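Here is a short tour of a protein model for anyone who likes to think about surfaces, domains and charged pairs. Have the structure open as you read, and follow the residues along.

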Amino acid sequence: MTSWFTYLGLPFGWAWFVATLIDILVIALPLMLAVAMIIYADRKIWASMALRRGPNVVGPFGLLQSFADGLKVFLQETIIPTASNKALFLLAPIITFTVALIVWAVVPFDQRAAVANINVGLLYVLAASSLGVYGIILAGWASNSKYPFYSAIRAAAQMVSYEVAIGFILISVVLWTGSFNLTNIVEAQRGMGLGIVNGFFINPLLFPMAVMFFISSLAETQRAPFDLTEAESELVAGYQTEYSSMSFALFWLGEYANVILMCALNATLFWGGYLPPFNWAPLYLVPGIIWLLLKMGLFFFLFSWVKATVPRYRYDQLMRLGWKIFLPLSLFWVFLVSGVLMLTRVGTECAPQDRVHTKQYLYDDGRPRYPTDGVCRAASANQSEKRS
Amino acid sequence: MIQAIAFYLFAFMVIASAALTITARNPVHAVLWLILAFFNAAGLMVLVGAEFIAMLLVIVYVGAVAVLFLFVVMMLNIDFAELRAGFAKYAAIGAVFAVGLAAEIMVAFGAWSAGKIELARRAAPTPDTVPNIEALGMLLYTRYLFVFEGAGLVLLVAMIGAIVLTHRERKGARAQNVSRQNARRPQDATRNTQPTVGKGIEL
């Protein structure tokens, strides 16, 4: 799109700026719509599993229920507790909501469709998801109330614990792909299983990681069975207890945007992302974004299914699962994956003449001082491919 | 143009939030300003093309260190009067440090404007086609492998030290055996009986 704006006569910088703004809107607006529909879907799935009807009054099949709820909270009064820290109290839901949106910048919707195809994509995802905890801590502290504060403490411990495990799981994916770029990670899954199946899940070395990532993503988004931060039987509504009206709605939206994001990450990292499930030419006629949405829908169904059927963990069980089971297991798996890769791959990626070297470490005649140095030119050429 | 705007925005925010970190009265606010400063410093790193360092700064400092920091500060019951009393006591030592740091900054600026330092070679240390993660990796895991692993060992020692120092045996605490808990079936724990009217059951 940038080139189209430069064609209109804008200088490159501004053309890029306008094009990126439009890209952001093109993602954020449908995302908000998707959040509204996914809340409806969640309630419907949950209701069906409990043999209830779920929302069925507003609009056909109750489809407009989320919009009615949105209008309702919009018209309510915003109550700010007098003893609260006003600025932080209002900032907290904004942080939660914003952080849930910014990660979408790097999610690839198709081979060349990501707002920012950066080479540290996965690190960006980790960085942004580690910011999510601030919204909750600040909400808990600024409310100046007991239950929100307990909830904030729980949330901080829970998210920090599971991020460690998630980090190791992602490392094994990165090791296998050789890149932090999400588009490269998806492309590496093309024809993973005997050239037929697309996706890392088919790899017996990575499948346990896919399962662990799914469970960790439940914990990271504080969905059941790990929803201890808003355990209604213990903490009223957790960190949201003192919130009302739009500030409450922002938490709600941010939470569901995070859930959709985790579905997208599950799909992208282990289940082939925008690639069709099988590496068969006719399937590629369907646009990548459709496949991605289908996979996200499947994962969201799993999230809802878990929420409807699994009882809540006790807090010590949650910590045990994170630190005593997931952490050692994922650490061991990183060793295992890197060992397998060392045996099968090291030194075979490219010929010595295809290696790029850092200038300072060459002899004057251009020979590298250390033969093991250098990065394959082919691999890095793929990476510097930018969206036009 | 956009780069310049972004640079001045980030630079201004870093300095402003650093100043507010020091002057904020509420310690929680101070930590939050510090986090904002980290965040904008990461923005500056992205601008100079060190995106890997920028992301690490956000993940490690903002995502983990500052969370624990905030945690501790929130739990503390801080007496503001005591804090202000301490200010007068340590003002002299603080002033010495401040003068020292200011002198260092001036020396650095002096050396920089005097030239003779090979800045050009440092400005673009990696080839254009190599992303800086790979460039870092190829140095850290080949040339500096032993230094790198040495750093890892130092961190490991620090971690074990922290665990040893804070660990204490609790006498008389009944630890739970999770595998035994999981292996327990309903029939081990419950018994169905049909007591007759007016007669209890023997346990």
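Let us begin with Leu21(A), which sits in helix α2 of chain A. Please keep in mind that this is a predicted model. Is Leu21(A) buried or exposed, or something in between? With a relative accessible area of 46%, Leu21(A) is partly exposed, because the buried class ends at 20% and the exposed class begins over 50%.

Leu21(A) also has company. It belongs to a nonpolar patch on the surface, whose members also include Leu10(A), Phe12(A), Trp14(A), Trp16(A), Phe17(A) and Ile24(A). Chain B contributes to this patch too, through Met1(B) and Ile5(B). Together the patch residues have about 910 Å² of accessible area. Which element gives the largest share of the patch? That is helix α2 (residues 12-49) of chain A, with six residues.

**The chain as a whole**

Stepping back, chain A holds 13 helices and two strands. Of its 388 residues, 50% count as buried. The area that chain A exposes is about 18300 Å², and 70% of this comes from carbon and sulfur atoms. Among the contacts in chain A with a separation of 6 or more, 71% are between residues 24 or more positions apart.

**Two domains in contact**

The domain assignment divides chain A into domain 1 (1-75), domain 2 (78-344) and domain 3 (352-387). In the contact between the first two of these, domain 1 of chain A supplies 16 residues and domain 2 of chain A supplies 21 residues. Their centres, taken over C-alpha atoms, are separated by 19 Å. The size of an interface is often given as the accessible area lost when the parts come together. For domain 1 of chain A and domain 2 of chain A, the buried area is about 1800 Å², with carbon and sulfur atoms giving 85% of it. How many salt bridges does the rule find across this interface? It finds two.

**Charged pairs**

Over all chains, the whole structure has six salt bridges. Three of them are set out here, with the distance between N and O atoms.

| Salt bridge | N to O distance |
|---|---|
| Asp42(A) and Lys307(A) | 3.4 Å |
| Arg43(A) and Asp69(A) | 3.0 Å |
| Asp227(A) and Arg312(A) | 2.9 Å |

Asp42(A) lies in helix α2 of chain A and Lys307(A) in helix α11 (residues 288-309), so this pair ties together parts that are 265 residues apart in sequence. Asp42(A) counts as buried, at 2% relative accessibility. Asp42(A) and Lys307(A) are also linked with Arg223(A) in a network of salt bridges.

Next comes the pair of Arg43(A) and Asp69(A), whose closest N and O atoms are 3.0 Å apart. Because Arg43(A) is in helix α2 and Asp69(A) in helix α3 (residues 65-75) of chain A, the pair joins parts that are 26 residues apart in sequence. Both partners are partly exposed: Arg43(A) has 34% relative accessibility, and Asp69(A) has 25%.

The pair of Asp227(A) and Arg312(A) has its closest N and O atoms 2.9 Å apart. Here Asp227(A) lies in the loop between α8 (207-220) and α9 (232-235), and Arg312(A) in the loop between α11 and α12 (315-344), so the pair ties together parts that are 85 residues apart in sequence. Asp227(A) is buried, with a relative accessible area of 14%, whereas Arg312(A) is partly exposed at 27%.

Key
Residues numbered from 1 in each chain as written. Chains lettered and ligands numbered in written order. Predicted model: local features only at pLDDT ≥ 70, side-chain atom pairs only at ≥ 80, totals over all residues. Heavy atoms only, no water. Patch = residues over 30% accessible without salt bridge, like charges linked within 9 Å, V, L, I, M, F, W, Y side chains within 5 Å. Areas by Shrake-Rupley, 256 points an atom, 1.4 Å probe, with all protein chains shown as cover. Salt bridge = Lys/Arg side-chain N within 4 Å of Asp/Glu carboxyl O. Helix = DSSP H or I, 4+ residues; strand = E, 2+ residues; numbered from the N terminus. Buried < 20%, exposed > 50% of the residue type's maximum accessible area, 1.4 Å probe, protein only. Domains from an automatic or database assignment. Contact = heavy atoms within 4.5 Å. Buried area = accessible area lost by both parts, 1.4 Å probe.
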